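Here are my notes from a read through the model you sent over. They go from the whole chains down to a few spots I'd look at on screen.

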Amino acid sequence: MTALDTPPSTNVGVTKLRKEDAHLVTGRTTWTDNITLTGMLHVALVRSPMAHAKVTNVDVSAALEQPGVVAAFSGADLADNWAGGLPCAWPVTPDMKSPTHLPLATDEVRYVGDAVAVVVARTRYQAADATEHVVVDYEPLPAVVDMEAALADGSPLADTSLDSNKSFTWQKIDGEIDDAFDGAAHVTTRRFINQRLIPTAIEPRSVVCAPPRETRETTLWSATQVPHILRLMLALTCGVPEHELRVVAPDVGGGFGSKLNVYAEEAICLVLARKLGKPVKWTETRSEGYQATIHGRDQIQDVSLAFNEDHTIRGMKVELHADMGAYLQLVTPGVPILGAFMYNAIYKMDALSFTCHGVFTNKTPTDAYRGAGRPEATYAIERLIDEAANELGVEPFELREKNWIKHEEFPYMTVAGIEYDSGNYEAATAKAKEIFGYDELRAEQAQRRDSGDPVQLGIGISTFTEMCGLAPSRVLGSLSYGAGGWEHASVRMLPSGKVEVITGTSPHGQGHVTSWSQIAADALGVPYEDVEVRHGDTNVAHKGMDTYGSRSLVVGGYAVQVACDKVVAKAKKVAAHLLEAAEDDIEFSGGTFSVSGSPDANTSIQDISLAVFAAHDYPEDMEPSLDSDATVDPENFSYPHGTHLCATEVDTETGRVTIRSYVAVDDVGKVINPQIVEGQVHGGLAQGIAQALYEEAVYDAEGNLTTGSLLDYYVPSAADLPHFTTDRTETPATSNPLGVKGVGEAGTIASTPAVINAVVDALRHLGVNDMPMPASPRNVWEALQAASNGGAA
Amino acid sequence: MTSVQMNVDGETHSDEVEPRLLLVHYLRDVLGKTGTNVGCDTSNCGACTVHLDGRSVKSCTVLAVQADGGDIDTIEGLAEFNSDDEEAGWHPLQRAFHTEHGLQCGYCTPGMIMAAKDLLNENPDPTEDEVRHGLEGNLCRCTGYVNIVKAVRTAAAEMRGDKVDAEVGA
């Protein structure tokens with residue numbers, strides 16, 4: 001095929017079936033737990049059954065006598081192997097307290113699941129068996145479980161080395177907040193509980209580590225979203241020189257934030273492999289992971305909205321209690337802070353006050369879970385605006401429309417001090433209402449209310465936006481984050497005309513190989529099939545900031561585009577040289593360089609690649625290479641938005657909620673692959689709906705996780721979820737050349753308030769004005785009983 | 001140790017195993033057939049679904065010794081080998097999961113496809129609702145299930161020889 005046969009721009013914007021799928025649908029996968037190395041040993045951990053206790057003695061001697069056991073260590077045995085504790089990269093305030101977090105606890109355990117000893121054996125069964133023979137003496141300490149009680153005078157301490165359970169108080173006040181509330185015509189105030197969730201990526205975490213062999217290199221495979229961050233942080237934690245550590249994220253089965261971390265087991269496997277000189281593997285069981293892998297959300301939100309007489313918003317006050325759990329993991333304290341910029345959402349207001357108290361408890365640490373701070377903020381504002389509309393006696397859309405930023409007002413500097421680059425809330429709302437049949441459903445709702453139907457209909461609205469595409473490095477710096485938000489890509493032109501794209505993003509289901517191929521194919525004018533994308537191995541993709549925060553396309557895809565543009569610029573110089581024309585006269589289209597006005601004088605990018613490889617004839621002022629790198633740092637976040645509408649049927653006799661229809665109209669800017677984008681929205685919706693209706697991590701008063709397995713923690717199946725109707729509007733982002741906005745978290749952020757607003761809307765006329773999550777039959781039924789007993793539900 | 005013999009994806013295997021060894025660990029750790037995954041320890045997620053004598057089972061809930069003398073089919077044996085065109089050898093379910101984007105990370109996919117195959121054996125023309133309930137023992141955290149349901153119905157149509165019509169739902 002000559003380049004002339006390749007039409008331009010045939011890939012971006014159209015669905016290409018995923019290159020990733022072939023090995024996944026046939027079982028030829030390389031999940032970390034699939035890796036078997038010669039002489040490999042298996043690691044099992046002994047974990048605390050108590051939420052808080054002094055560890056007075058750990059005796060591993062009996063475990064060492066068990067069949068197949070090669071080694072066993074207590075926390076004290078390995079204490080000298082750590083160069084530092086597990087990292088928290090986000091010290092949100094200068095005085096933030098962060099207890100030392102050793103991979104294996106030594107003298108105090110701080111949550112059920114905190115590891116105290118490790119056993120290494122020849123098989124996974126032998127290792128698990130031997131943990132039963134490790135004797136640990138605990139001296140119980142009071143468990144701190146309730147966040148607000150934890151801050152009361154005289155509360156027991158979650159960590160005896162601290163003098164209080166408060167990690168930090170972070171505050172941001174924009175505008176004259178007192179003026180906004182003094183003299184307000186109306187103030188709506190609510191307390192919302194954003195319950196604790198367990199991310200539950202379907203692939204459990206797993207780590208394999210191989211010690212040095214022919215070189216000094218140690219290789220660690222992990223089911224991680226962040227191989228590059230992990231390499232640096234493990235080097236620091238374990239005292240291994242960074243250049244002697246290779247980290248590989250092979251096939252990774254979902255993450256949703258739960259694999260955006262530096263975990264004890266990664267550090268332990270690294271140290272054990274080097275100490276024993278043998279490869280080791282650890283794979284969590286699901287129940288173990290429910291204790292030892294981060295949880296999400298868990299905030300108490302006290303929020304108030306002040307209005308003028310004409311129903312315009314004057315200002316908003318937010319006070320959060322955010323449960324950190326027992327330790328600060330990689331970005332634990334930063335999660336609620338990300339929400340600080342999102343409480344004002346799509347609405348104009350003059351003042352916003354945000355205060356967040358980070359609180360230690362004796363529970364599994366929280367950290368980023370799909371949306372990370374923005375779902376919580378969006379839930380609060382979208383619930384509050386509905387409550388305010390009810391109190392003011394206006395239609396919820398009317399109140400939203402009165403206060404939202406109009407499409408002609410973009411770019412818009414928000415009260416929180418960030419600039420929304422583009423959006424059109426009117427267009428997304430109009431489209432969503434039409435698809436949903438909003439007016440018809442309102443009519444049916446009225447009819448059902450009038451007839452006293454035991455099954456009531458509710459309509460829930462969520463007009464959300466979010467900030468993603470993490471992130472401008474200078475902004476991250478101003479928020480005390482420990483790193484930047486740039487991303488890197490390399491494009492290598494091979495002599496045969498084929499292309500290798502190396503990306504610093506680390507996909508685990510998002511389809512980067514396909515989407516990046518589409519971007520590169522169009523940018524270079526080469527066939528889509530001729531592009532291979534490599535990622536997730538620090539020996540191959542030497543530089544990257546990895547995948548989280550809906551950043552991969554808007555930052556990583558942007559880097560691919562810029563690297564391709566550099567390749568084309570170099571190739572253009574060579575084309576001018578070979579075609580004996582001025583560079584300014586060279587035109588590039590669809591992979592072909594031609595001389596302006598002389599279309600017959602042309603050459604393809606593939607031919608140039610071969611010519612540069614041979615290097616017999618190229619311009620004197622350049623190197624014989626087209627290969628190019630790009631490291632891009634976004635100038636702004638990305639602000640996807642949309643209007644989601646949910647119709648729920650609520651059985652007032654049983655409390656059962658059924659979603660009858662769900663319409664999501666999202667604006668994620670330009671789209672590279674519509675099928676992949678739709679898939680991201682679908683998955684996001686499922687997780688947001690799961691928070692609204694099904695999921696909650698529950699601890700008892702002693703700090704035991706009572707939802708400790710998939711038997712008790714209800715992850716919805718296909719039978720629990722509805723069909724989703726999705727559509728899009730398109731206002732391109734202005735902060736990247738692709739015009740794209742992030743999409744990975746949008747569905748999750750938008751859907752939780754849409755569903756709960758629908759449940760409350762169904763029952764509003766029965767006196768229900770609040771609904772604890774999840775809106776389980778029991779919670780709904782109890783809310784109805786409380787309302788019918790005259791109490792304010 | 002106990003002797004077991006079983007036919008896995010058309011090959012006969014004989015091994016000495018501990019009586020407590022789970023079938024999924026026999027497949028993965030003894031036979032090296034890692035196409036079948038483990039996602040939980042309570043038989044909720046279905047990632048480990050294989051067929052035992054033609055019916056889907058969660059291989060984390062079956063002991064290897066219980067499968068003694070049985071025929072096991074896993075995701076690895078589903079496609080017909082075709083060295084010229086790999087996709088031409090795929091089972092219609094594999095093809096439909098690909099075309100309908102019924103997978104993202106792909107970890108649940110082997111179990112989901114094997115469960116769907118059993119469902120279609122019983123009901124060659126399921127409604128959307130029947131697919132949703134038929135797969136309720138298999139959890140996916142990525143897709144929200146819409147495209148999985150579509151894929152199963154698309155494959156069902158192909159297997160029946162009908163014109164493929166992927167339109168599902170409202």
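What share of the 793 residues of chain A count as buried?

1. **Chain A overall.** Keep in mind that this is a predicted model. In chain A, 60% of the 793 residues count as buried. The chain carries 21 helices and 28 strands, and its C-alpha atoms fill a box of roughly 90 × 75 × 50 Å along the principal axes. A compact globule of 793 residues would have a radius of gyration near 28 Å, and chain A comes out at 28 Å, so the two agree. Looking at contacts with a separation of 6 or more, 80% of those in chain A join residues 24 or more positions apart.

2. **Chain B overall.** Chain B has 170 residues, of which 55% count as buried. It has five helices and five strands, and from the N terminus they run β-β-α-β-β-β-α-α-α-α. The C-alpha box is roughly 55 × 40 × 30 Å, again along the principal axes. The globule check works here too: the rule gives a radius of gyration near 15 Å for 170 residues and chain B has 16 Å, which agrees. For contacts with a separation of 6 or more, residues 24 or more positions apart supply 56% in chain B.

3. **The largest nonpolar core.** This core has 298 residues, and the members touching the most others are A72(A), A117(A), V119(A), C269(A), A520(A) and V759(A). Helix α17 of chain A (residues 552-579) gives the core its largest share, 13 residues. If you want one place to start, try A520(A): beyond its neighbours within four places in sequence, it is in contact with V491(A), V499(A), V501(A), V531(A), V560(A) and C564(A).

4. **Helix α8 of chain A.** This helix covers residues 264-276, and its end C-alpha atoms sit 18 Å apart, which agrees with the 18 Å that 13 residues should span at 1.5 Å each. Of those 13 residues, 10 are buried, so α8(A) is largely enclosed by the rest of the structure. The buried set is A264(A), E265(A), E266(A), A267(A), I268(A), C269(A), L270(A), V271(A), L272(A) and A273(A). Note that E265(A) and E266(A) are on that list, as is C269(A), which we met in the core. Just past the helix, G277(A) takes a positive phi of about 70°.

5. **Helix α4 of chain A.** Which residues of α4(A) are buried? In this helix (residues 124-131) they are A127(A), A130(A) and T131(A). These three cover an arc of only 105° around the axis, so they lie on the same side of α4(A). The general reason is that an α-helix has 3.6 residues a turn, so residues three or four places apart point the same way. What the buried residues of α4(A) pack against is β1 (41-47), α2 (61-64), β3 (69-74) and β5 (115-121) of chain A.

6. **Strand β13 of chain A and its partners.** Strand β13 (residues 296-307) is mostly covered, with nine of its 12 residues buried. It runs antiparallel to β8(A) (residues 186-197), joined by 11 bridges, and V187(A) stands opposite A306(A) in that pairing. β13(A) also pairs with β14(A) (residues 313-325), in the antiparallel sense over nine bridges; here D302(A) stands opposite E319(A). β13(A) and β14(A) make a hairpin with five residues between them, and H311(A) in the turn has a positive phi of about 75°.

7. **A loop residue to check: F637(A).** Is F637(A) buried or exposed? F637(A) lies in the loop between β25 (628-632) and β26 (641-651) of chain A. With 27 other C-beta atoms within 10 Å, F637(A) is buried, since 20 or more is the cut-off. Beyond its sequence neighbours within four places, its contacts are I418(A), M467(A), C468(A), G469(A), A471(A) and P472(A). The C-alpha atoms of F637(A) and R551(A) are separated by 9.0 Å, with the two positions 86 residues apart along the chain.

8. **A151 in chain B.** A151(B) is in helix α5 (residues 146-160) of chain B, and it is buried, with 31 other C-beta atoms within 10 Å. Setting aside neighbours within four places in sequence, A151(B) is in contact with A96(B), F97(B), E100(B) and G102(B). Take F97(B): it is 54 residues from A151(B) in sequence, yet the C-alpha atoms are 5.1 Å apart.

Note on methods
Residues are numbered from 1 along each chain as its sequence is written. Chains are lettered from A and ligands numbered from 1 in the order in which they are written. This is a predicted model: local features need pLDDT of at least 70, side-chain atom pairs count only at pLDDT 80 or more; totals for chains, interfaces and linings use all residues. Helices (H or I, at least four residues) and strands (E, at least two) are DSSP runs, numbered from the N terminus. The radius of gyration is taken over C-alpha atoms; the globule rule is 2.2 Å times the number of residues to the power 0.38. Two residues are in contact if their C-beta atoms, placed from the backbone, lie within 7 Å. A nonpolar core is a set of buried Ala, Val, Leu, Ile, Met, Phe, Trp, Tyr and Cys residues joined through C-beta atoms within 7 Å. The arc is that of the directions from the helix axis to the C-beta atoms. The expected span of a helix is 1.5 Å times one less than its number of residues. Two strands pair if DSSP finds at least two bridges between them.
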